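Reader: I've got a chain open on my screen and I'd like to talk it through with you. Could you walk me through it, question by question?

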Amino acid sequence: MIAKIPKPPYDVLVFTSIRTKFSFWLLVFGCLLLVSCSTKTKEHKDNLVFRYNEHANITTLDPAFAKDLRTIWVTNQLFNGLVQLDDHLNVQPDIAHSWAISGEGKTYSFNLKKGIKFHKHILFGKDSTRSVKASDFEYSFNRLLDPNVASPGKWVLDFVEKFEAENDSTFVIQLKQSFPPFLSLLSMKYCSVVPNEAITYFGDTFRANPIGTGPFQFKLWVENTKLVFRKNIDYHEKDENGDRLPYLEAVAITFLPDKQSEFLQFIQGNIDFMSSIDASYKDDLLTSEGLLKEHYKDQIDMVSGPYLNTEYLGVYLDAAEKEVNAIKIRKAINYGFDRVKMIKYLRNGIGTPAINGFIPKGLPSFNTMEGYTYQPEKAKELLQSYIEETGNLNPSITISTNSQYLDLCEYIQRELERIGLHVNIDVMPPSTLRQTKVNGQLSIFRGSWVADYPDAENYLFIFHSKNFSPNGPNYTHYSSKEFDAMYEKAIQTTDNQKRFVLYQQMDSLIMESAVVIPLYYDEVVRFSRKNISGLGINPINLLSLKRVRKE
């Protein structure tokens, strides 16, 4: 006999039905709430992704090969060194919290912070990371010198006699002779710390599998398409309020080669930052005085400042073209064109006319000497004097350039034709220009000299006679015993003010010889969307994203 289950009373059935329906709608509401919260969280994280574009492909993420600005920018997000530069180019602690320099300026002892971790990776075992030790710097510096690695940054240790880890937290460097800019040299990305475990495992492919200590860590790289970094939640630096850096969740980099396309992406809000001026859009974006046009002021912020880059024409003194060997011709070129007008109309006011020395604005040893201002009558007199002395009735010169600077060279050509000097322009690809310049095949070449570190020595060693090309960067083959003696004295002078005076005297010697024709001192110009803050600006145009906020 099967027991009959009594039917529940009607009021119980009604209550159960109501409770079931209520539970069902509560579940639906909860799901919608979760979806809504998830969407808002995703949108919030998307809003914390900083996006910018690189015109040229990045070929490596290994700091030992950070020789150009685009590679320096990305490795600066991933790696740290002993010291770093602030936006005023002052040396600040990084992985080293302090250091001591011996009285003769040859021994540097660095005390490392404790607890700084490499980015998490299974290579480090069960803890997925480990702390940085002084021996890691010893390993990284030895790698920089390794001929099998062939790092282009090997030269930064040219003044170094030896280095060693005294213990886990003390790293000592001994120089061959004192070199006051040495701390600034150590701020370069070449000197970043890398873990031997990663180099041993990845070998040459470390370029695409970087492991560092920086504010961001590597996530994804589709070469020529996209590069993504994610926030390093264990990063060691904090802000003034004790909040851990960085603020951003991620950095996403695209690789559109066309600058006009980049500009359109920026205007549409698809990228957050731009740091270049191109002829295709400069007149739409800027006034002739270099100011942001009115219709962009509600969308864009613009900041500018000195850039440690001198744009110039260099003269090869051993050239077969006899005109350039004459100082009167070189001075006539310097006096014969209006740099102020050139900057206003061809550069939309971006840059400072180079009417002083070769050392650019932005360095404390900038030379305020009166250099070559626009004096066409003086230029004509110099040219006429040359003609009378030599009997060369039709003097001519050839300027070699690439297409990017053709407009500047054509402007100089027109100006010099007015004083009676015939100018030919030879346009060639950048790679050909570099190679022929190094090999001494160009009588006058357009060049740029960008500082690797913030000391005027960076601009003067290229005129030392021991640095003649093709084995060094003295592409002009300028030679002066007086200059060389001043240089040797300056690099051993630890008193900054005395060293700066020597720098300025050397700069004056260069300008008197007219071996270069400075065109302008460049400017860093940065454009960002209105919701970006904390980007900063500095004279070496280093991109640091650890303090950037995106609202």
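**Walking through the fold**

Author: Sure. The protein's secondary structure comes to 15 helices and 19 strands. Keep in mind that this is a predicted model.

Reader: What does the C-alpha trace span along its principal axes?

Author: Let's take the chain as a whole. There are 551 residues, and buried ones make up 49% of them. Along the principal axes, the C-alpha trace spans about 135 × 60 × 40 Å.

Reader: Among contacts between residues at least 6 apart in sequence, what percentage join residues at least 24 apart?

Author: Here we set aside pairs under that separation of 6. Of the contacts that remain, the share joining residues at least 24 apart is 67%.

Reader: Let's zoom in. Which residue in β7 is the bridge partner of E164?

Author: Start with the two strands: β6 covers residues 160-167 and β7 covers 170-175, and they pair in the antiparallel sense over six bridges. A hairpin of two residues joins them. Within that pairing, E164 has as its bridge partner V172.

Reader: And T170, is it buried or exposed?

Author: T170 sits in strand β7. Beyond its sequence neighbours up to four places away, it touches F110, N111, A134, E164 and A165. Its relative accessible area is 12%, and the cut-off for buried is under 20%, so T170 counts as buried.

Reader: Now D507. Which side chain of opposite charge is nearest to it?

Author: D507 belongs to helix α15, residues 496-513. It is buried yet has no salt bridge. The nearest side chain of opposite charge is 12 Å away, and it belongs to R339.

Reader: Which residue's backbone nitrogen does the D507 side chain reach, then?

Author: Leaving out residues up to four places away in sequence, D507 touches G357, F358, I359, N367 and L460. Among these contacts is the residue you're after. At 3.5 Å, the side chain of D507 reaches the backbone nitrogen of I359.

Reader: How far apart in space are I532 and D272, C-alpha to C-alpha?

Author: I532 lies in strand β18, residues 532-533, and is buried at 7% relative accessible area. Neighbours within four places aside, its contacts are F50, D272, V548, R549 and K550. I532 and D272 are 260 residues apart in sequence, yet in space their C-alpha atoms are separated by 7.3 Å.

Reader: On to the rings. How many aromatic pairs are there, and is F137 with F141 stacked or edge-to-face?

Author: The count comes to 32 aromatic pairs. For F137 and F141, the ring centres are 6.4 Å apart and the planes sit at 85°, so the pair is edge-to-face.

Reader: How many residues apart are F137 and F141 in helix α3?

Author: Both of these residues, F137 and F141, are buried. In helix α3, residues 134-145, about one helical turn separates them, because their spacing in sequence is four residues.

Reader: What about F445 and Y475, stacked or edge-to-face?

Author: Their ring centres are 6.4 Å apart. The planes are at 90°, and over 60 degrees is the cut-off that matters, so F445 and Y475 are edge-to-face.

Reader: How many residues apart in the chain are F445 and Y475?

Author: F445 is in strand β16 (residues 444-450), while Y475 is in the loop between α13 (457-460) and α14 (481-490). Both F445 and Y475 are buried. They also belong to one aromatic cluster with Y312, F358, Y459, F463, Y478 and F483. The F445–Y475 pair links distant parts of the chain, and the separation is 30 residues.

Reader: Backbone oddities next. Which residue is joined to P470 by a cis peptide bond?

Author: Most peptide bonds are trans. P470 is in the loop between α13 and α14. The bond before it is cis, with omega about 10°, and the residue on the other side is S469.

Reader: And which residue is joined to P246 by a cis peptide bond?

Author: P246 is placed in the loop between β9 (226-231) and β10 (250-254). Omega is about 0° for this cis bond, and the partner is L245.

Reader: Last one: what is the phi of A514?

Author: Most residues other than glycine have a negative phi. A514 is in the loop between α15 and β17 (516-529), and it is buried at 0% relative accessibility. Though not a glycine, A514 has a positive phi of about 55°.

Notes:
Residues are numbered from 1 along each chain as its sequence is written. This is a predicted model: local features need pLDDT of at least 70, side-chain atom pairs count only at pLDDT 80 or more; totals for chains, interfaces and linings use all residues. Side-chain values use heavy atoms; hydrogens and water are left out. Buried means under 20% relative accessible area, exposed over 50%, partly exposed in between (1.4 Å probe, protein chains only). Lys and Arg count as positive and Asp and Glu as negative; His and the chain ends are not counted. A salt bridge is a side-chain nitrogen of Lys or Arg within 4 Å of a carboxyl oxygen of Asp or Glu. A polar contact is a pair of N or O atoms within 3.5 Å; within protein, one must be able to donate a hydrogen and the other to accept it, and residues adjacent in sequence count only if both atoms are side-chain atoms. Contact means heavy atoms within 4.5 Å. Two strands pair if DSSP finds at least two bridges between them. Rings of Phe, Tyr and Trp (its six-membered ring) pair if their centres lie within 6.5 Å; planes under 30 degrees apart count as stacked, over 60 as edge-to-face and the rest as tilted.
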